[in-house]
Structure formats: structure tokens, C-alpha cells
Amino acid sequence: WTLNLALRFLIAQIDANGKPETSAQQIAQRYLSTWFCFDLVVVVLDWISFGFFLTGTADPSTVYALGALRSTRLVRLVRLVDLGKFI
């Protein structure tokens, strides 16, 4: 997910007219105004849970709560379904 966060600034997107948008500035602007905050939260939660895993300092309720929050990644599957409409 961390790598995906960076790569999303480089991947062309489909504009309102159905044409691929390849301008780096337009791609970044669109990503920052749509999915960036959601993706950032997912990445931060992943790194927090990874840190707890490495240190072994999390209690079970914390691990459960982080797991429940990380499950929001399923929302990204909706994006894949939407992408399938363009392919």
C-alpha cells in the first residue's frame, strides 16, 4: 500500500471526456482531491500495526481495532470495479 500511494501520482487517469489524462500536475491534483486522504489513512494504519507487530507491544483490543480499521481497504475494491467499466 505504501508503494501504491506513491505510484498513484504517476498513473494516468481517465478524464471527464473519457480520455487518458497524462499531465503529472492534473494527475496529482485529481488524486489529492479524491482518494489520497483515504489511502494515506490506510498506509498509516498499516505502518502502526506493523510497528506493534515488530515490538510486540499491542494488546489484543488494539490489534482488533486496527484490523477493523484496516478492513476499510475493501472500499478500494469498489475502485477496481469502477475501473473495470473503462477497460
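Helices here are DSSP runs (H or I, at least four residues), strands are DSSP runs too (E, at least two), and both are numbered from the N terminus. This is a predicted model, where local features need pLDDT of at least 70 and side-chain atom pairs count only at pLDDT 80 or more, while totals for chains, interfaces and linings use all residues. Residues are numbered from 1 along each chain as its sequence is written, and side-chain values use heavy atoms, with hydrogens and water left out.

**View 1. Getting your bearings: the chain has 5 helices and 2 strands.**
Follow the sequence along and you'll meet them in the pattern α-β-β-α-α-α-α. The chain has 87 residues, and 18% of them count as buried (under 20% relative accessible area; over 50% is exposed and anything in between is partly exposed, using a 1.4 Å probe and protein chains only). About 6,400 Å² of the chain is exposed, and carbon and sulfur atoms supply 70% of that; the areas come from the Shrake-Rupley method with a 1.4 Å probe, and for residues only the protein chains shown count as cover. Now take contacts (heavy atoms within 4.5 Å) between residues at least 6 apart in sequence: 52% of them join residues at least 24 apart.

**View 2. How sure is the predictor, helix by helix?**
The mean pLDDT (the predictor's confidence in each residue, from 0 to 100) is 79 for the chain, and 79% of the residues reach 70 or more. Confidence is highest in helix α2 (residues 24-33), with a mean of 92, and lowest in helix α5 (residues 75-84), with a mean of 63. Where pLDDT is low, the predicted coordinates should not be read in detail.

**View 3. Helix α3 from end to end, residues 36-55.**
With 20 residues, α3 reaches 28 Å from its first C-alpha to its last, close to the expected 28 Å (1.5 Å times one less than the number of residues). Several of its residues are tucked away: F36, D39, V42, V43, L45, D46 and S49 are buried. Right after the helix comes G56, with a positive phi near 70°.

**View 4. W47 and F50, an aromatic pair within α3.**
The structure has 5 aromatic pairs (rings of Phe, Tyr and Trp, using the six-membered ring for Trp, with centres within 6.5 Å). In this one, W47 and F50 sit 5.7 Å apart, centre to centre, with 85° between their planes, making the pair edge-to-face (over 60 degrees; under 30 is stacked and the rest are tilted). These two residues are 3 apart in helix α3, about one turn. Relative accessibility is 49% for W47, so that residue counts as partly exposed. F50 is also partly exposed, because its relative accessibility is 40%.

**View 5. D39 and the aromatic cluster.**
D39 lies in helix α3 and counts as buried because its relative accessibility is just 3%. Its side chain meets that of Y31 in a polar contact of 2.6 Å (a pair of N or O atoms within 3.5 Å; within protein, one must be able to donate a hydrogen and the other to accept it, and residues adjacent in sequence count only if both atoms are side-chain atoms). Y31 also joins F9 and F36 in one aromatic cluster.

**View 6. E21 and its surroundings in strand β2.**
Here we're looking at E21, in a strand that covers residues 20-21. Its relative accessibility is 24%, so E21 counts as partly exposed. Setting aside neighbours within four places in sequence, E21 is in contact with A12, Q13, D15, Q26 and I27. A polar atom of the E21 side chain lies 3.2 Å from the backbone nitrogen of S23. I11 is 10 residues away from E21 in sequence, with 9.0 Å between their C-alpha atoms.

**View 7. R8 in the loop between α1 (2-7) and β1 (13-14).**
Is R8 buried or exposed? R8 is buried, because its relative accessible area is 15%. I27 is 19 residues from R8 along the chain, and 8.2 Å separates their C-alpha atoms.
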